[in-house]
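Grab a pencil and get the viewer ready. Below are some short exercises, each with a solution worked out step by step.

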Amino acid sequence: MKRTMIAVAGVAVLMLIAEVANAELLTYLNNLSSTFNINNKSLSVPQFDTALGTLNSVSVTASVNTLGKLGLENTNPTSAITNRYLSTYWGTNTTNGQLGMTLNSQTLTNVSWNVLNDYPLNLTAYDGITDYTGTSGFSATYVNTTDSQVINYSLAADLAQFMGTGNVDFIVDGSAYGALSGPSNTSTFMSTTGTANVSVTYDFNPVPEPGTLVLLVMGAMGMLAYAWRRR
Ligand SMILES: [Ca+2]
């Protein structure tokens with residue numbers, strides 16, 4: 001009986017200690033979405049506060065996306081546009097750009113594009129609503145590109161940038177070019193949007209809470225004393 005009690009107490013203490021020593025994860029997210037150009041915008045997440053424990057490693061998931069749309073509406077009240085191509089109205093022949101995310105000048109993720117898409121146009125005379133759809137309207141997505149990377153840090157020199165009570169600033173930077181132009185009696189638009197997402201997960205060994213330790217030691221001593229008296 002007494003040996004069983006001592007063994008149970010010992011196992012309980014070991015289980016509690018094992019739980020306290022288990023690594024924990026702490027994740028922070030941030031994102032932004034903006035039309036271009038996107039000039040050195042900060043995407044910040046909190047640093048790991050070392051008062052919480054010892055940082056083992058950091059996992060960063062960084063992704064960027066660019067979404068480009070264009071449209072054209074024939075606003076001529078009498079003339080249709082038949083068997084023509086968008087390139088007929090295209091002021092520049094390409095749309096191009098780039099969007100990337102860096103951390104302390106290290107590129108984490110990046111997309112770039114340089115596209116020349118042409119589209120056949122068969123549009124009636126103006127349908128009365130400038131919405132780039134309907135019988136006299138046209139719209140298209142000319143770019144939709146994503147890049148996502150997972151970067152793991154475990155070297156002390158790399159972890160240092162994540163430790164403190166301030167922020168880790170991921171920098172998002174990019175530009176986009178393109179234009180639509182056409183004859184009068186057409187309305188056009190071109191819009192390019194960039195989005196960026198970052199997820200930072202800190203893997204750390206927490207500092208045991210003083211209260212937990214005191215309870216743990218008192219519990220163990222109580223169990224042992226009880227076992228001792230029962231001898
Ligand atoms: Ca329309």
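**Exercise 1: the core.** Of the 20 residues in the largest nonpolar core, which touch the most other members?

*Solution.* Keep in mind that you're looking at a predicted model.
- Step 1: Go through the core and look for its best-connected members; they turn out to be M101, F170 and V198.
- Step 2: Now see which strands feed this core. At least two residues come from each of β2, β3 (53–74), β5, β6, β9 and β10 (186–206).
- Step 3: Pick the top supplier: β3 gives the most, with 5 residues.
- Step 4: Zoom in on F170. Skipping its neighbours within four places in sequence, F170 is in contact with L43, A62, M101, L103 and V198.
- Step 5: Don't miss the other core, which lies apart from this one: it has 5 residues, including L72, I81, L123 and F138.

**Exercise 2: one sheet.** Work out the strand order in the open sheet that contains β2, β9, β5 and β6, and explain why one side of β2 and of β6 has no neighbour in the sheet.

*Solution.*
- Step 1: Trace the 4 strands across: the order is β2-β9-β5-β6, and the pairing is antiparallel.
- Step 2: Check the ends. β2 (38–46) and β6 (106–115) each have a single partner strand, so each is left with one side that has no neighbour in the sheet.
- Step 3: Add the twist, which averages 15° from one strand to the next.
- Step 4: Look at the joins made by β9. Strand β5 (residues 95–103) is linked to β9 (residues 167–177) by 7 bridges, and 7 bridges also join β2 to β9.
- Step 5: Find some partners in β9: G97 is bridged to A176, T102 has I171 as its bridge partner, and S42 also stands opposite I171.

**Exercise 3: two faces of a strand.** Which side chains of β9 point to the buried face, and which to the other?

*Solution.*
- Step 1: Start from the rule that side chains in a regular strand alternate between the two faces of the sheet.
- Step 2: Apply that to β9. V168, F170, V172, G174 and A176 point to one face and are buried.
- Step 3: The rest of the alternation, N167, D169, I171, D173, S175 and Y177, points to the other face, and these residues are not buried.

**Exercise 4: another sheet.** What is the strand order in the open sheet that holds β1, β3, β8 and β10?

*Solution.*
- Step 1: Line up the 4 strands: you get β1-β10-β3-β8, paired antiparallel.
- Step 2: Spot the edges, β1 (24–35) and β8 (137–153), which pair on one side only.
- Step 3: Ignoring direction, neighbouring strands here are turned by 10° against each other on average.
- Step 4: Count the bridges joining β3 to β10: there are 21. As an example of facing residues, N74 stands opposite T186 in β10.

**Exercise 5: buried or exposed?** Decide for L43 and P183.

*Solution.*
- Step 1: Place L43 in strand β2. It has 20 other C-beta atoms within 10 Å, so L43 is buried.
- Step 2: List the contacts of L43, leaving out neighbours within four places in sequence: N30, L32, F170, V172, A196 and V198.
- Step 3: Turn to P183, in the loop between β9 and β10. P183 counts as exposed because it has 11 C-beta neighbours inside 10 Å.
- Step 4: Compare sequence with space for P183 and N74: they're 109 residues apart along the chain, while their C-alpha atoms are separated by 9.7 Å.

Notes
Residues numbered from 1 in each chain as written. Predicted model: local features only at pLDDT ≥ 70, side-chain atom pairs only at ≥ 80, totals over all residues. Pairing = 2+ DSSP bridges. Axes fitted to C-alpha atoms, helices over the stretch in contact; angles between N-to-C directions. Core = buried A, V, L, I, M, F, W, Y, C linked by C-beta atoms within 7 Å. Buried ≥ 20, exposed ≤ 12 C-beta atoms within 10 Å, placed from the backbone. Contact = placed C-beta atoms within 7 Å.
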